[in-house]
Amino acid sequence: MADPRLVNLTVNGRMVAVSVEPRRSLADCLRHDLRLTGTHIGCEHGICGACTVLVDGAAVRACLMLAVQVEGRAIATVEGLAGAAALGPLQESFRRHHALQCGFCTPGILMSAHALLSAEPKADRARVIEVLSGHLCRCTGYLPIVEAILDAREAYLCGAAEPAGKGK
Amino acid sequence: MTKANTYVGSSMPRVEDQRLLTGKGEFIDDVQLPGMLNAAVFRSSMAHAIVRRIDTSEARALPGVVAVLSAADLPRPIPRIPIRIAPIEGAERFLQPVIAEGCVRYVGEPLAIVLAESQELAEDALDRIEVDFEPLDPVSGIGDARRNATLLHPEAGTNLVADYQVTRGDPAMADDAALYRRTESFRIQRHTAVPMETRGLVAQWDAGQGRLTVRGAAKVPFFIRNHLARMLGLAQEMVELIELDVGGGFGVRGEFYPEDFLVPFASRAVGRPVKWIEDRREHFMATAHSREMECSLEIACTSEGRIIALRGEIAADLGAYVSPTGPIVPSRAAQFLAGPYHVPVLDLHVVAALSSRTPVGSYRGPGRFEAAFFRERLMDMAARDLGIAPDEFRRMNLIAASDLPYSIGQLVPYEGPASYDTGDYRAVFDRCLEDFGWAERRKLDGREVAGRLHGLGLACVIDSSGAGPGEHACLYLQQDGNVRVHVGSSALGQGIETTFTQIVADELGLHPERIRICHGSTSLLDEGHGSFHSRSLIMGGNAIVVAARALRDAIRNAAAARFGCTGDEIRLQDGRACKAEGQSTAFADLAPLEGRGSFGGAEKPFGYGTHVAHVAVDVGTGHVEIVDYLAVEDAGRIVNPAIVRGQKIGAIVQGLGGALLEHLVYDDEAQLRTASLADYMLPTAADFPQLDAVTLALAPTPRNPLGVKGAGEDAIAGPGAAVANAVAAALSRYGVEPKELPLDPPRIWALLAAAAARACR
Ligand code: FES
Ligand code: FES
């Protein structure tokens, strides 16, 4: 066990300082040190995508990144996705399309989809499937998730959805 | 205004979604208690060995490690994990101890549990545990097991758990020399559920009260509670199991595993809360596997194609111990081998054997996926031999609507005879073929298009649902006018809070926002039987109907007393009890009232349907693409169409994973070689983007008040069979007949290579 380090970062627009062991993953840090438990862990080896968060706007697997690597960076997690609303447009679309069952994979998928539509609000079905294929969902068979993401594009096109995680 | 039957039948958005979409769900690893320790389980690295000595002293000495418990620290006799369903006689000789004592029988079997101040420290300590193993020969698979050369449980004198015969009809009929017959051997690979959330528990011992609380329960919390209390010498009411949000179950989660004893036991031993979260590698070796099965099957038909008999043998690998659900797998495969067809003679030998592998348990549609593959593949071969089109062959043999209910006889040793209930198997079959454009598409069979060979395959499936004891529900009308529902069903992601809310809303004329479904704890009710075998809606839903009607009557009577009329004159609407001439009172003014109800159907309903797959096979790469896939099924009655569709699509994709991708591979030393998501291939969004499922409410069952049949499981039965038949059709020019799954590229190459070798001879 090595001595803890102090890491300064922004999470969902809020500055925080957290003391972590150098081996602490970003996922564990968010979940257990900052108690943001919406980010889930399904494999800890970079395959399932459940732990996906945004680091400076880019979708990242938080189980493959160390907390000490995010010094000075801006993290966005599912807890910040709705902003002040009950649900953001992407979340609304997931609800409308029954795009979740157990909901365990959902936060990671929401974050990837949010990053995708923030950058490419006109992403077509093939592109959505390509990005979604970086995530595993065992419940839904993916079809309703694809529909939900496609249906949320409108909101991103007209700017109703805020790009998250760029720091504020 | 709320009209009667406004909610049942509508795709109401789910009440679960708000919390799950905002990261506010509470899954087991989200629980954090003051003073909580983390646990890590030390597991066997050997498949079969004598444990000479286990040395935990170095691990204990590590700073931050609070305790390391192994067999020596447990009370004698070491508790054994009970069988929950499918009690095959003699199976109790092979039960798993909650911790290995003296001998290990599969890679991943628990040998010790470490408790430490953090997860990292607990895992560090695992590396410092030393075990002196004396290796024994592993039992590698069914063939090895049946030879009985190495015995996994020497005191039993055999590796066979089950060895029985089931029959129906007059066997002499099948011996008619004029009949066409063909015998083939098939095999299904070991694969399993792999929910996205691994298992986990938080146990909290309250020494002052002598009370144990265990969070992380799922599926059958009351069953676990009862046995855990017995093992720990506690009264049942002193043990509470709490269900949180659950990241998928599919049959494997929530059964009694060693950790279900070890973690609570450890918490009591050290007097602190203990959290254990399974990691993904552990999950692959510690959570039940399923499906591994061989089948040798003979079909006998008339020359016109009428099936007379199916005879043969089913042999399943149950792993190293009989798990709480293990024997369900082969026994249901035998029961469903004839599927939705009229098969006058059935004669099946069922064998279940033990091997040095992870114990096998129920995985969504246990035995149905396997049975459909064996039967439907053999039917296609027979149809081809007889020169009958595959659709014609099925249509002719499907049980006619006029023959329902149809007695299937007693095909499992631990249950009485059963019968199929309602339906129109041929109508659903025709609908599926028509919607799919079968006749037109079939012209592609075996044809090459843009370098790939196309083929179509069919499968018809049937599945029982709603097994086990009845369920109970209690509805409370509260002072605030809201209704709280307590029910013994369990949530595994299938949306039961929504479905149950819809039912109550209609029965009581109450807005869904005023209804709260509580199912999370063994303290809410005296008894409950949880969620398995697509039973939540059938058992829990119908218990709620009965309880809601009792509450409705209570509300009416209370209002009638107030208005000086009879209960019949009172209508319930928008949370008010209304008398005809404009007098009404809010539910809140009549509270508190309650309604209780139970439902336990003696006979199960049977959902059924037809699946059709269109594949394109790349002979160069061995890749099989699902060009299109359709399932049409009858669920009797549908409460929430979007939820049902979600279950069907999800089940089909899982089944396609079993057909084409998923495989738990063991080497000769019985080491598991696919213990990560990089090695075990789950379907992704890119694998099967083109498919559809249509669910009809064609024939409500008379076997429960709602008229519903299970919706969660039956759709997984079709894909293995339909895809394999489609691949055979695509590769018909080579005479390729897939008899084993998964149909991954190496297997397709092997089939083509074998065909080429045959052609050269
Ligand atoms: S937990 Fe990070 S990818 Fe699976
Ligand atoms: S909704 Fe359960 S894993 Fe995706």
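A salt bridge is taken here as a side-chain nitrogen of Lys or Arg within 4 Å of a carboxyl oxygen of Asp or Glu, and by that rule five salt bridges are found across the interface of chain A and chain B. Keep in mind throughout the tour that this is a predicted model.

**First stop: the interface**

Select chain A and chain B together and display the residues that touch, which are 43 residues of chain A in contact with 56 residues of chain B. The size of an interface is often given as the accessible area lost when the parts come together. For chain A and chain B, the buried area is about 4,000 Å², and carbon and sulfur atoms give 59% of that area.

Next, select A:Arg24 and B:Glu120, which form a salt bridge whose closest N and O atoms are 2.8 Å apart. If you then widen the view to polar contacts between chain A and chain B, the count is 21 residue pairs, with both residues of a pair at pLDDT 80 or more. On the side of chain A that touches chain B, the elements giving two or more residues are α1 (26-33), α2 (89-96), α3 (106-119) and α4 (125-132) of chain A. Colouring this side of chain A by residue class will show 20 nonpolar, 14 polar and nine charged residues.

**Second stop: strand β1 of chain B**

Move now to chain B and select residues 37-43, which make up strand β1, where seven of the seven residues are buried. In a regular strand the side chains alternate between the two faces of the sheet. On one side of β1(B) you will find B:Leu37, B:Ala39, B:Val41 and B:Arg43, on the other B:Asn38, B:Ala40 and B:Phe42, and both faces are covered.

Which strands lie alongside β1(B) as pairing partners? Add residues 274-277 of chain B, strand β12, which pairs with β1(B) in the parallel sense over three bridges, and look for B:Leu37 opposite B:Val274. Then add residues 110-116 of chain B, strand β5, which pairs with β1(B) in the antiparallel sense over six bridges, with B:Ala112 as the bridge partner of B:Phe42.

**Last stop: B:Glu240**

Finally, select B:Glu240, which lies in strand β11 (residues 239-243) of chain B. Is B:Glu240 buried or exposed? B:Glu240 counts as buried because its relative accessibility is 13%, which falls under the 20% cut-off. Show its side chain together with that of B:Arg211, and a polar contact of 3.0 Å between the two comes into view. Beyond its neighbours within four places in sequence, B:Glu240 is in contact with B:Arg211, B:Leu212, B:Thr213 and B:Val214, and also with B:Ser521, B:Thr522 and B:Ser523.

Definitions and conventions
Residues are numbered from 1 along each chain as its sequence is written. Chains are lettered from A and ligands numbered from 1 in the order in which they are written. This is a predicted model: local features need pLDDT of at least 70, side-chain atom pairs count only at pLDDT 80 or more; totals for chains, interfaces and linings use all residues. Side-chain values use heavy atoms; hydrogens and water are left out. Contact means heavy atoms within 4.5 Å. Buried area is the accessible area (1.4 Å probe) that two parts lose on being put together, summed over both. A polar contact is a pair of N or O atoms within 3.5 Å; within protein, one must be able to donate a hydrogen and the other to accept it, and residues adjacent in sequence count only if both atoms are side-chain atoms. Helices (H or I, at least four residues) and strands (E, at least two) are DSSP runs, numbered from the N terminus. Ala, Val, Leu, Ile, Met, Phe, Trp, Tyr, Cys and Pro count as nonpolar, Asp, Glu, Lys and Arg as charged, and the others, Gly among them, as polar. Buried means under 20% relative accessible area, exposed over 50%, partly exposed in between (1.4 Å probe, protein chains only). Two strands pair if DSSP finds at least two bridges between them.
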